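Student: Could we go through some of the labels people put on a structure and ask what earns them? I'd like the cut-offs too.

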Amino acid sequence: MSTIFPPATGVTADDLAAIETGLRADEPAYLGDLERLVNIDCGSYTPEGVDEVGRFVAGFLADLGASVEARPDPAGRLGSTIVGTLRGSAAPGARLLLIGHMDTVFDPGTAAERPFAIAEGVATGPGVTDMKSGLLAGLYAIRALARLGPLPFERLTFVANPDEEIGSPTSSPHIIELAATADACLVLECARANGDIVSSRKGILDARITVHGRAAHAGVEPEKGRSAILAAADLVRRLHELNGRWPGVTVNVGVIAGGTRPNVVAERCSLEVDVRAVRREDLEAAETAIGELLSDLAVPNTTAELEPMARWWPMEKLERSGRLVEHAAALAERLGFSVKDTATGGASDANTTSGLGVPSLDGLGPIGGNDHSPAEYLDVASIVPRTALVAGLILAISRDPAVAAWRAERP
């Protein structure tokens, strides 16, 4: 992607040196905060723990001078979305959106079973990489910039999401609202294990298919029954045959449940299906094809319906997102390491912002891996350089004339 202005030219050597020096001094405090957050049970369905993390984030942002809101879940089942807004010295100037999430996939009691620990430069514990470290990287990056002087942007909005691991059902409306006036979005999920950042993510349809049949006594009058399980079993095969029909599309039936007793022809059977695609048009085509399968079941007089449980449109690499990649690569080189951008199959809030046309970049947290498992880890040595990258990226975007011009051209 050719540009008039070389990437990251608005960030001086003195800027980067000051950012790195400040973050090196902050590292013990960062690790202390990381231990505190990792040792909080904050699975998506543990709102008291998520809100404890939220109070920490809100306090950190307030100390930086942000105006902070806690936006509760209207149903009262999940934690509150934290929204912090910082006003900078540039008006008009860049309007940035940073997003991290506070929830994990782990059940209550996990933190006590395997609390935060560091051994041989590797930190472990539930959510250490996904994504307590990224959440802190965003906060500490803003603090590092604040030490340089007046904040260089017009506005920076920091969203701490309470429910990303279950599809962001309550936070997405807030993210959509805030993204509508953002020039660029940075999402703080961890970097890939090899250090790559993320410029593209598959879209996901998470759906439940319910097959309805007719119950009957399996031994006395089986001919009167219409087996929902038999219809569902054939449907599973045909759903999996959709794999590969479109480039990058995957379909997986991960859960199947049905029937009541061995001697009863099953009246009902449900399937939980994961559909993923690189392009929105292919995800839509796959959903249409699934609908056609549901209208033609193998067992006569059975019916089925699809209920979308969650949906993320693909994070397609926008042309303007390429400009953000250029900034990140140029800054990383000056910080002494290299980054490349990559595509990944998992979804994040970047799918939402990118789907709205907002140039977005993800995978900006420290390096780690084995997410969602007891083996989850964080490379401690990556904390300072990756947090410096986030700070430098905010500075570069804020001072980039090309980014400033996007707003006038945005639909």
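Student: What lines the second largest cavity?
Tutor: Leu23, Asp26, Glu27, Tyr30, Tyr140, Ile383, Val384 and Thr387 do. To count as lining, a residue needs an atom within 4 Å of a cavity point, and a cavity is a set of points on a 1 Å grid over the protein atoms alone where a 1.4 Å probe fits but cannot get out. This is a predicted model, with residues numbered from 1 along each chain. Local features need pLDDT of at least 70, side-chain atom pairs 80 or more, totals for linings use all residues, and side-chain values use heavy atoms without hydrogens or water.

Student: Which element gives the most to that lining?
Tutor: α1, with 4 residues.

Student: What makes Asp362 and Arg201 a salt bridge?
Tutor: Their side chains meet at 2.8 Å, N to O. The definition asks for a side-chain nitrogen of Lys or Arg within 4 Å of a carboxyl oxygen of Asp or Glu, so the pair qualifies. Asp362 sits in the loop between β15 and β16 and Arg201 in strand β9, 161 residues apart.

Student: Why is Asp362 called buried?
Tutor: Buried means under 20% relative accessible area, exposed over 50%, partly exposed in between. Asp362 has 0%, so the label fits. Arg201, at 5%, is buried as well.

Student: And why is Glu284 called partly exposed?
Tutor: Because its relative accessibility is 35%, Glu284 falls in the in-between class. Its salt-bridge partner Arg280 is also at 35% and partly exposed. Both lie in helix α7, 4 residues apart, about one turn of the helix.

Notes: On a 1 Å grid over the protein atoms alone, a cavity is a set of points where a 1.4 Å probe fits but cannot get out, and a pocket is an open set with protein on both sides within 12 Å along at least five of seven lines; lining residues have an atom within 4 Å of a point. Helices (H or I, at least four residues) and strands (E, at least two) are DSSP runs, numbered from the N terminus. Buried means under 20% relative accessible area, exposed over 50%, partly exposed in between (1.4 Å probe, protein chains only).
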